[in-house]
Amino acid sequence: MIRPLNLSALALFTVACTNSTAPGSACTASATLACVTIQDFTFSPATLTIKVGTTVQWTNTGPSAHTTTSDAAAWNSGTLSAPMGGGAYGGGSAGGSYTFTFTATGSYGYHCALHPPSMPQYAGFTGTITVTQ
Ligand SMILES: [Cu+2]
């Protein structure tokens, strides 16, 4: 018997397990580095304004795997694993992280490809990076 819901859950699980990302390093904000955490279906800060040339590091600090995926395909982190050990919120190894350097001004919306805003329960799970001169 085919059970579509179970198959999608399995597919999601497979992606999360096979597309592992190296543990992230701690993010220390500076003039050229901005930090965004991903936890509990929220990007924090959800809106961020930076100068051209700044690198943004997203780090998964929550118990679910996530991605940072540009709405306009400017970047895609792939799956960022949850922290391992020390409980769901870490304390063991760091969660996955991803960096992207913005070299052009503009407004860059993004989302998590595993929990897309097209699904009602994740409608607010989005972020925007505004890049200025
Ligand atoms: Cu997600």
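**Entry 1. Elements of the chain**

I take helices and strands as DSSP runs, with at least four residues for a helix and at least two for a strand, numbered from the N terminus. The model I am reading is a predicted one. In it I counted one helix and eight strands. I then followed their order along the sequence and noted the pattern α-β-β-β-β-β-β-β-β.

**Entry 2. The chain as a whole**

I looked up the share of buried residues and found that 26% of the 133 residues count as buried. I also asked how far apart in sequence the contacting residues lie. Among contacts with a separation of 6 or more, 53% are between residues 24 or more positions apart.

**Entry 3. Strand pairing**

I next turned to strand S8, which covers residues 126-132. Strand S3 runs parallel to S8, and I recorded five bridges between the two. Within S8, threonine 132 stands opposite lysine 51. I then examined S7 against S8 and found an antiparallel pairing over six bridges. Here I noted tyrosine 110, which stands opposite glycine 127 in S8.

**Entry 4. The largest nonpolar core**

I listed the largest nonpolar core and obtained 14 residues. Which of them touch the most other members? I found these to be Val36, Ile38, Val56, Trp58, Leu80 and Ile129. I then traced where the core residues come from: strands S1 (33-39), S4 (55-60) and S7 (106-111) each supply at least two. The largest share is that of S1, with three residues.

I followed one of these core members, isoleucine 38, through its contacts. Leaving aside residues up to four places away in sequence, isoleucine 38 touches Phe43, Trp58, Thr59, Asn60, Thr61, Gly62, His66, Thr68 and Leu80. Trp58 and Leu80, in this list of contacts, were also noted above among the core members with the most partners.

**Entry 5. Isoleucine 50**

I then chose isoleucine 50, which is found in strand S3, residues 47-51. Is isoleucine 50 buried or partly exposed? I counted 18 other C-beta atoms within 10 Å, and since burial requires 20 or more and exposure 12 or fewer, isoleucine 50 is partly exposed.

I also looked up what isoleucine 50 touches, again not counting residues up to four places away in sequence, and found Ala34, Val56, Phe102, Ile129 and Val131. I checked the separation from phenylalanine 102 in particular: the two are 52 residues apart in sequence, with 8.7 Å from C-alpha to C-alpha. Val56 and Ile129, both touched by isoleucine 50, had already appeared in my notes on the core.

Technical notes: Residues are numbered from 1 along each chain as its sequence is written. This is a predicted model: local features need pLDDT of at least 70, side-chain atom pairs count only at pLDDT 80 or more; totals for chains, interfaces and linings use all residues. A nonpolar core is a set of buried Ala, Val, Leu, Ile, Met, Phe, Trp, Tyr and Cys residues joined through C-beta atoms within 7 Å. Two residues are in contact if their C-beta atoms, placed from the backbone, lie within 7 Å. Two strands pair if DSSP finds at least two bridges between them.
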